[in-house]
Amino acid sequence: MSARGILWPKVILFGDSITQQSFDRGGWGAAIANRLVRKCDVLNRGLSGYNTRWALSVLPKIIPQPANQETIAAVTVMFGANDSALKDINPVQHIPLTEYAENLKGIVQYLKSIGICEDKVIMVTPPPLDESAWEEECIAKGSKLNRCNSVTNQYAAACVKVAEECGIDVLDLCTLMQMKNQDFSSYLSDGLHLSEKGNTFLETHLWALLVKKTERLPMILPHWSNVDHLNPEASFPV
């Protein structure tokens with residue numbers, strides 16, 4: 001049998017802390033990985049605290065040119081929770097709305113340049129902000145409220161517009177969580193990051209888009225019941 005390794009397709013989750021935390025217990029990334037077991041590797045490339053300016057700068061190091069025959073099945077891009085920080089209170093993370101949109105376009109353009117076409121990319125907007133809960137977090141850290149939901153909604157709308165202009169799928173999490181003026185606070189653990197319910201909500205809606213990009217991936221290696229126990233090597237790919 002050849003010593004050549006099996007090339008597992010990849011799904012890459014690229015984003016800020018909401019992505020970084022997605023492999024925690026009950027996280028949306030972990031749930032996606034569980035759905036795709038034996039089909040592909042789900043890689044967490046979440047960068048807590050990062051905005052789109054920093055993300056675009058490090059992107060070639062995070063997602064380099066795929067190796068020969070390597071398959072990237074899908075990439076999710078989820079930024080905006082930090083870009084939308086209020087400039088006068090949190091200038092370190094704040095990114096102007098117009099630059100935010102251009103940075104998202106830059107991310108898509110880079111992915112295209114390395115062979116990851118539009119139909120493999122899913123953009124996800126930031127969730128809405130529960131200002132009262134997040135203000136408590138800010139005060140506990142010696143600061144004052146550094147984000148507001150009306151601004152977050154502007155960034156989410158810009159994300160949707162960029163996705164539409166680029167011809168890629170988008171999950172408008174911000175709008176979905178606020179439909180019919182529902183109380184969205186239960187989707188958030190601290191006003192900004194996702195609770196267990198919020199993780200489930202995101203994963204359910206994301207999977208509806210992601211399944212279309214991964215449903216044709218075969219199971220890697222045969223089911224145990226199909227292995228020839230008398231000559232197992234004959235059952236495995238060379």
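Tutor: A residue counts as buried under 20% relative accessible area, as exposed over 50%, and as partly exposed in between, with a 1.4 Å probe and protein chains only. The structure is a predicted model, in which local features need pLDDT of at least 70, side-chain atom pairs count only at pLDDT 80 or more, and totals for chains, interfaces and linings use all residues. Residues are numbered from 1 along each chain as its sequence is written, and side-chain values use heavy atoms, with hydrogens and water left out.

Student: Is E118 buried, partly exposed or exposed, and what is its relative accessible area?

Tutor: E118 shares a salt bridge with K112 at 3.0 Å, N to O; the term denotes a side-chain nitrogen of Lys or Arg within 4 Å of a carboxyl oxygen of Asp or Glu. The partner K112 is partly exposed at 44% relative accessibility. E118 is likewise partly exposed, its relative accessible area being 24%.

Student: Which residues are linked with K105 in a network of salt bridges?

Tutor: K105 pairs with E102 at 3.5 Å between the closest N and O atoms, and the two lie three residues apart in helix 4 (residues 97-113), about one turn of the helix. K105 also pairs with E165 at 3.3 Å; this second pair links distant parts of the chain, since E165 lies in helix 6 (residues 149-166), 60 residues from K105. The residues linked with K105 in the network are therefore E102 and E165.

Student: How many disulfides does the structure contain?

Tutor: A disulfide requires a pair of cysteine sulfur atoms within 2.5 Å. The sulfur of C117 has its closest cysteine sulfur in C166 at 13 Å, which is too far for a bond. C166 is in no disulfide either, with the sulfur of C159 as its nearest at 10.0 Å. The count is zero.

Student: In what order do the strands of the open sheet run?

Tutor: Strands (E, at least two residues) and helices (H or I, at least four) are DSSP runs numbered from the N terminus, and two strands pair if DSSP finds at least two bridges between them. Strand 2 (41-46) and strand 5 (169-171) are the edge strands, each pairing on one side only. The five strands pair in parallel, in the order 2-1-3-4-5.

Student: Which residue of strand 4 stands opposite V77?

Tutor: Strand 3 (residues 72-78) runs parallel to strand 4 (residues 121-124), and three bridges join them. Opposite V77 in strand 4 stands M123.

Student: What angle does the direction of helix 8 make with that of strand 5?

Tutor: Axes are lines fitted to C-alpha atoms, for helices over the stretch in contact, and angles between N-to-C directions run from 0 to 180 degrees. Helix 8 (residues 196-214) packs on the sheet, touching strand 1, strand 3, strand 4 and strand 5, where contact means heavy atoms within 4.5 Å. Its direction makes with that of strand 5 an angle of about 165°.

Student: What arc around the axis of helix 2 do its buried residues cover?

Tutor: The buried residues of helix 2 are W28, G29 and I32. They pack against strand 1, helix 1 (17-20), strand 2, strand 3 and helix 8. The arc is that of the directions from the helix axis to the C-beta atoms. These residues lie on the same side of helix 2 because they cover an arc of only 100°.
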